[in-house]
Structures are given as structure tokens and as C-alpha cells.
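Student: I would like a close look at a single part of this protein. Please keep it brisk and go residue by residue.

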Amino acid sequence: MVAKSTLMKWHYITGLILVVVLGIHLAFRWPSYEASIQWSGPHGVYEQLLNIGYMAAIFILLYAATYHAMNGLRTLLLELHQGRYWNTAVDVVIIALGIFIVIVGTVALVGALQVI
């Protein structure tokens, strides 16, 4: 398994990435949130999907948020209980859940790209 210090280093790095990428994501909600969630229009979802930089930011958001959340959940669960079997079970479940979330998110984003 990867060293705990390496996992936490990536946890901090993804936290910083999330701050930047969430800022980008929220900037696309400006000037009007209502207009930004409509499918069509000058600031609508369709126009946002056409922006390759925005789509890259959304993919980065998906992957960074998944890692950050899964590592945080893993850390919390390992603090609840200690033991070799518990640690192994937590690692397996967290990895499986993270892979599932990334697959579902990627399929949804790629499906949205195919719509345009």
C-alpha cells in the first residue's frame, strides 16, 4: 500500500485543486445562475459544454473531488477502528466506491459531450 504521508500529500494537493477548479466552475455561473442552468441561451449548459476548457475543468473537478472525498472517508473510517482486516476491508471498499463514482461521472460527462 502507499505510504500514509503520500496519501495525505495528495489529499492536500487535491484540496488546493478543488479550490481553483470550483472557482472556475462558479465563475461560469456568473452573471445569472438561472441562465447558466438552462439548456440553451448565451450562458446555458449547451454553450458551456462547447467550451473545452470548462469541460476539462469539470473532469478535473470529478477526479479531484472523488480522490479527496474517498481519502477523507478512508481516514475517518480508519480512525473508528484499528485492525488488519478492518484496514484491508476499508481500503477495498473505498477503492471500489471511488472507481464506481469515477466511472459513472465519466460516462455522464462523455454522454453530455455526445449530445452536442
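Is Asp91 buried or exposed? Please start there, then take me along the helix that holds its partner.

Tutor: A word of caution to begin: this is a predicted model. Asp91 is buried, with a relative accessible area of 14%. The cut-off for that label is under 20%.

Now the partner. Asp91 forms a salt bridge with Arg74. The closest N and O atoms of the two are 2.6 Å apart. Asp91 sits in helix α5 (residues 84-115) and Arg74 in helix α4, so the bridge ties together parts that lie 17 residues apart in sequence. Arg74 also counts as buried, at 15% relative accessibility. Why can such side chains pair at all? Opposite charges can do so when their charged atoms come close. A search of the whole structure finds 1 salt bridge.

Next, Thr66. This residue lies in helix α4. Thr66 is buried, and its relative accessible area is 10%. Its side chain reaches the backbone oxygen of Leu62 at 2.7 Å. What else does Thr66 touch, once neighbours within four places in sequence are left aside? The contacts are Gly98, Ile101 and Val102.

On to the aromatic residues of helix α4. The count for the model comes to 1 aromatic pair. Its members are Phe59 and Tyr63, with ring centres 6.3 Å apart and planes at 35°, so the pair is tilted. Stacked would need planes under 30 degrees apart, and edge-to-face over 60. Helix α4 spans residues 52-80, and the two residues are 4 apart within that helix, so about one helical turn separates them. Their exposure labels are worth checking too. Phe59 is buried, with 17% relative accessible area. Tyr63 counts as partly exposed, at 35%.

Last, Ile60. This residue also belongs to helix α4. Its relative accessible area is 41%, which means that Ile60 is partly exposed. Ile60 joins Trp10, Ile13 and Ile17 in a nonpolar patch on the surface. Together these residues have about 330 Å² of accessible area. Helix α1 (residues 4-27) gives the most to the patch, with 3 residues.

To recap helix α4: Arg74 bridges to Asp91 in helix α5. Thr66 contacts Gly98, Ile101 and Val102. Phe59 and Tyr63 make a tilted pair. Ile60 is part of the nonpolar surface patch.

Methods. Residues numbered from 1 in each chain as written. Predicted model: local features only at pLDDT ≥ 70, side-chain atom pairs only at ≥ 80, totals over all residues. Heavy atoms only, no water. Phe/Tyr/Trp six-rings, centres within 6.5 Å; stacked < 30°, edge-to-face > 60°. Buried < 20%, exposed > 50% of the residue type's maximum accessible area, 1.4 Å probe, protein only. Patch = residues over 30% accessible without salt bridge, like charges linked within 9 Å, V, L, I, M, F, W, Y side chains within 5 Å. Areas by Shrake-Rupley, 256 points an atom, 1.4 Å probe, with all protein chains shown as cover. Salt bridge = Lys/Arg side-chain N within 4 Å of Asp/Glu carboxyl O. Polar contact = N/O pair within 3.5 Å; in protein donor to acceptor, adjacent residues only side chain to side chain. Contact = heavy atoms within 4.5 Å.
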